[in-house]
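Reader: I've got the sequence and the model open side by side. Could you walk me through what's worth looking at?

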Amino acid sequence: MLSPQPPYSYRIDECAELICFNGQLLLHNSSLHCHYNTTQPQCSLLGLPILINTDPCCPQWQCPCRCTVMSDLRVITFDGNNVALYDNGSFVLVNLPTETIIGTVEKCPTSQSPTGGTSGLCFKRLNITTAAYRIIINRLDRKSLYVEDTGSMYLIQTPGGVSIQWYHSTGILVLQYITTYNASVPTRGLCGCCDGNPEDDLRLPNGTVVRELGDMMLFLQAWRVPTTDESEHMRRIGDNCTTGDCSTCLSMLYQRAFMPCHSKVPPEQFCDIMWAGDLHYKDHQCDFLAAYVAVCYTHQVCISWRRHNFCPLRCPPGKEYQPCVSTCTSRTCLNREYYEESTCSFVREECVCRSGTILHRADSPYCVTEDRCVCTDNEGNPRAPGELWNGSTRSCCLYKCLENGSVVAVDPDCSSVPTPLCEREGEYVLDVVEEGACCPKKICECDPTACPPMSAPRCRDDQFLVEVRGEKPCCYSYLCVCESCIEPIPTCSRGEILAVDINNTYSCCPHYYCVCDVSLCPESSVSCAPGLTLVQATIAGNCCPQYHCECRCEDRALPVCQVVSQQKKLHHYSSSNCGCPQHECQKAEVCLFQGVTVLGPGQSLVQYLEGELCYTVHCLHHRDLESGFYAMDVSSVNCSQKCGPHQVYEPSTDPQVCCGSCKNISCTFTDENRTTDLFAAGSSWVENCTRYDCVETAVGAVILASGVVCPPFNDTECLQCDVALWPIMVFKGKEDGKTCKRVAIRTTIRKDDCRSNAPVTVYSCDGKCPSATIFNFNINSHARFCKCCRESGLQTRSITLYCSRNSTIVEYSFQEPLDCSCQWN
């Protein structure tokens with residue numbers, strides 16, 4: 001072997017080489033001659049240190065500018081300090097010269113809050129504002145996103161150099177300021193100043209640094225976005241493990257599950273920083289342990305600590321809890337063909353899809369088997385091949401997922417619908433389709449063919465025969481019903497009235513036509529000046545005439561005066577060229593009683609008013625200044641008379657006589673025992689051998705007496721007999737069974753060229769109702785009263801009609817009674 005000759009060097013690796021110098025072989029190691037400390041620093045709450053140069057021999061390390069917002073709203077700043085939020089509102093997390101990141105704290109639903117007994121608050125939205133755009137992200141509403149959603153977290157990279165990871169399962173928010181940016185651009189906000197100095201982390205917007213724990217509220221409020229809802233909540237109490245008791249905290253962290261992290265995050269240090277000064281953690285220990293584990297995960301230390309009965313993480317349906325998840329992107333139905341696992345910068349705990357399932361989409365909460373990735377319905381729900389679903393809530397719209405991912409409409413299969421057992425005689429099974437149902441419901445309906453035969457009446461040419469169901473179920477009787485009228489009823493013009501042809505009044509569809517009635521025409525709107533006469537002209541084809549003014553005094557229209565008024569000629573002339581005199585109406589020289597009855601001066605009137613009061617009205621010979629008519633003298637008489645039980649009161653037939661008299665309708669008879677009896681007109685009786693007859697006369701019933709002559713008494717003609725029992729007959733009326741009631745009609749409904757596919761049962765009112773005629777003495781005429789068989793409440797029904805002209809189906813609605821009764825017309 002030859003000895004090396006200078007100059008000579010031999011590189012052992014990229015950092016060490018052998019050099020021949022002055023005849024000696026020297027070992028030179030560049031790693032031992034670095035100008036700075038190459039040992040990795042202990043970053044504690046900030047996680048693993050990061051490499052900031054590319055020299056493999058002299059690596060330069062520094063703690064990352066990493067700000068972590070825990071699920072309980074504890075904020076670990078860029079330089080390892082910490083503050084805690086305890087109120088809702090919007091807070092500036094990071095403020096750079098060119099962008100601002102604002103986090104919003106709100107009340108969270110229980111089902112969406114991290115487990116551990118939190119205060120009910122969580123970071124719900126991020127508002128990232130830069131010079132070019134503004135993005136708002138809502139973690140709990142994963143629709144219409146503007147950033148990448150991996151299915152496990154949001155990944156955001158801002159132009160200012162802030163990398164954001166926001167985990168869906170735990171709500172933990174990690175903001176890391178990239179090294180290439182933070183050398184010259186300072187940060188402000190709740191995440192602090194990224195300069196490696198924890199002492200100046202709590203810097204206010206004006207540059208003042210908060211150093212006392214008592215001023216922590218001032219720091220939080222300084223970076224809070226101004227609102228009208230201010231609060232004074234506080235989590236810090238100013239203690240540490242030197243002045244306070246941390247035994248509970250240390251006993252929790254010294255459990256076996258947390259020991260792998262003790263070398264990276266010492267329990268004593270974490271308790272002193274996080275536990276001692278926070279009232280929230282005293283009552284919510286699961287939140288504290290979750291914060292410790294989150295810091296351990298930044299050191300790539302895996303801790304499996306949650307159990308189903310100890311601080312469980314609530315997962316949505318289809319997902320399960322898994323600690324130490326390292327992948328950044330979830331496997332979904334969209335990326336399953338080309339999915340490759342990518343490792344994140346540090347592990348985390350998360351709710352993942354159960355074994356054998358994947359996410360439907362990255363922004364979807366559904367975990368499905370891969371066979372359900374084929375189709376997606378209109379609501380965004382996954383569907384498997386062959387799966388059927390109803391796409392409507394009110395009707396039947398069935399869809400089916402095919403193997404190729406197509407969604408097609410299908411008809412329902414109603415073969416499994418059960419058929420009821422119809423036990424009554426004359427029933428059959430009827431299909432009824434209900435709203436929102438795809439298959440008809442089968443019910444029992446009557447079969448008219450099972451009823452006894454009945455003879456059908458002969459109907460008119462414009463009628464058709466229908467079946468009406470009576471009281472007995474399933475049985476029908478026949479009824480003649482009018483056909484639907486096709487000819488429309490004409491619309492009459494102004495001044496016309498609708499009339500019917502008298503020759504077909506009783507037909508089902510009478511012929512209507514319009515008749516001109518000039519009295520219905522509106523009054524003329526033409527106003528003529530004095531001396532001009534309003535003249536009407538008839539126009540062919542129009543019912544109502546047209547009006548214009550003409551200068552004719554002799555034919556000038558005089559004012560129309562009321563019955564109790566008269567015309568009066570005025571002798572002054574108008575300013576028009578006609579020069580015709582004017583007329584006006586003035587009240588006549590009469591008396592007007594109650595606005596209806598007219599009396600001349602000196603005349604009298606007798607009239608009944610207010611029951612038994614009779615008024616006598618006398619017209620005087622002078623005018624009443626208030627009314628303008630002649631004055632009246634009104635007097636009243638009470639005509640009430642107490643007629644006996646055998647009498648009726650009859651008013652006076654003489655118009656000049658006010659009160660009437662009592663008229664006998666039966667006879668009263670008082671016997672020797674002073675007992676009074678009533679006898680009807682036409683009856684006779686014998687008292688003390690005197691025959692009495694009650695006779696009807698023009699003035700009423702009167703008693704006529706006549707003597708009775710008895711023949712000689714012969715006792716041999718008497719027979720022995722018993723007391724006779726006289727039967728008492730009571731008459732009871734018999735109902736004819738035709739009173740007003742609701743009846744069912746079985747008929748085929750026709751509308752133009754459309755008709756129902758089968759006879760339909762409809763209801764109507766039919767039967768007799770009472771009527772009466774009573775003489776009214778006030779109007780001297782008979783008053784007639786009658787009740788009609790009418791509906792008591794209506795309901796609207798809709799049926800399907802099939803039209804033969806264009807082979808279409810239409811919905812036809814009509815009203816039918818709920819019940820029937822006799823009512824005043």
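Author: Sure, and let's begin with His 646, which sits in the loop between β40 (630-638) and β41 (647-650). Strands here are DSSP runs (E, at least two residues), helices are H or I runs of at least four, and both are numbered from the N terminus. Keep in mind that this is a predicted model, where local features need pLDDT of at least 70, side-chain atom pairs count only at pLDDT 80 or more, and totals for chains, interfaces and linings use all residues. Residues are numbered from 1 along each chain as its sequence is written, and side-chain values use heavy atoms, with hydrogens and water left out.

Reader: Is His 646 buried or exposed?

Author: Buried means under 20% relative accessible area, exposed means over 50%, and partly exposed is in between (1.4 Å probe, protein chains only). Leaving aside residues up to four places away in sequence, His 646 touches Lys 663, Asn 664, Ile 665, Ser 666, Thr 668 and Leu 678, where contact means heavy atoms within 4.5 Å. Its relative accessibility is 14%, so His 646 counts as buried.

Reader: Which helix gives the most to the largest nonpolar core?

Author: A nonpolar core is a set of buried Ala, Val, Leu, Ile, Met, Phe, Trp, Tyr and Cys residues joined through side-chain atoms within 4.5 Å. The largest one has 42 residues, and those touching the most other members are Leu 253, Phe 270, Trp 275, Phe 288, Tyr 292, Ile 303 and Trp 305. At least two residues each come from α3 (247-253), α4 (267-275), α6 (285-297) and β18 (343-353). With 11 residues, the top contributor is α6.

Reader: How many residues are in the second core?

Author: That core is separate, and its members include Val 83, Ile 101, Val 162 and Ile 164. Its residue count is 41.

Reader: Which strands stand at the edges of the 7-stranded open sheet?

Author: Two strands pair if DSSP finds at least two bridges between them. The order in this sheet is β8-β7-β6-β16-β15-β14-β13, with antiparallel pairing. Each edge strand has a single partner, so one of its sides is left without a neighbour in the sheet; the edges are β8 (82-84) and β13 (148-149).

Reader: And which residue in β16 does Trp 166 stand opposite?

Author: β15 (residues 162-167) and β16 (residues 173-177) run antiparallel and are joined by 5 bridges. Across from Trp 166, in β16, you'll find Leu 173.

Reader: How far apart in sequence are the parts that Cys 67 and Cys 191 tie together?

Author: These two form a disulfide with their sulfur atoms 2.1 Å apart; the cut-off for a disulfide is a pair of cysteine sulfur atoms within 2.5 Å. The link is left-handed, with -70° about the S-S bond. Cys 67 lies in strand β6 (residues 65-69) and Cys 191 in the loop between α1 (179-182) and α2 (216-222), so the parts tied together are 124 residues apart.

Reader: Which two helices does the disulfide of Cys 249 and Cys 271 tie together?

Author: The sulfur atoms are 1.9 Å apart, and at -85° about the S-S bond this link is left-handed. Cys 249 is buried at 0% relative accessible area, and Cys 271 also counts as buried at 0%. The pair ties together parts 22 residues apart in sequence, with Cys 249 in helix α3 and Cys 271 in helix α4.

Reader: What is the nearest cysteine sulfur to Cys 193?

Author: The structure holds 30 disulfides, but Cys 193 is in none of them. Cys 193 is buried, with a relative accessible area of 4%. The nearest cysteine sulfur is 9.1 Å away, and belongs to Cys 194.

Reader: In the salt bridge of Arg 797 and Glu 816, which strand holds Glu 816?

Author: A salt bridge is a side-chain nitrogen of Lys or Arg within 4 Å of a carboxyl oxygen of Asp or Glu, and here the N to O distance is 3.3 Å. Arg 797 is partly exposed at 23% relative accessible area, whereas Glu 816 counts as buried at 2%. The pair is 19 residues apart, with Arg 797 in strand β54 (residues 794-803) and Glu 816 in strand β55 (residues 808-817).
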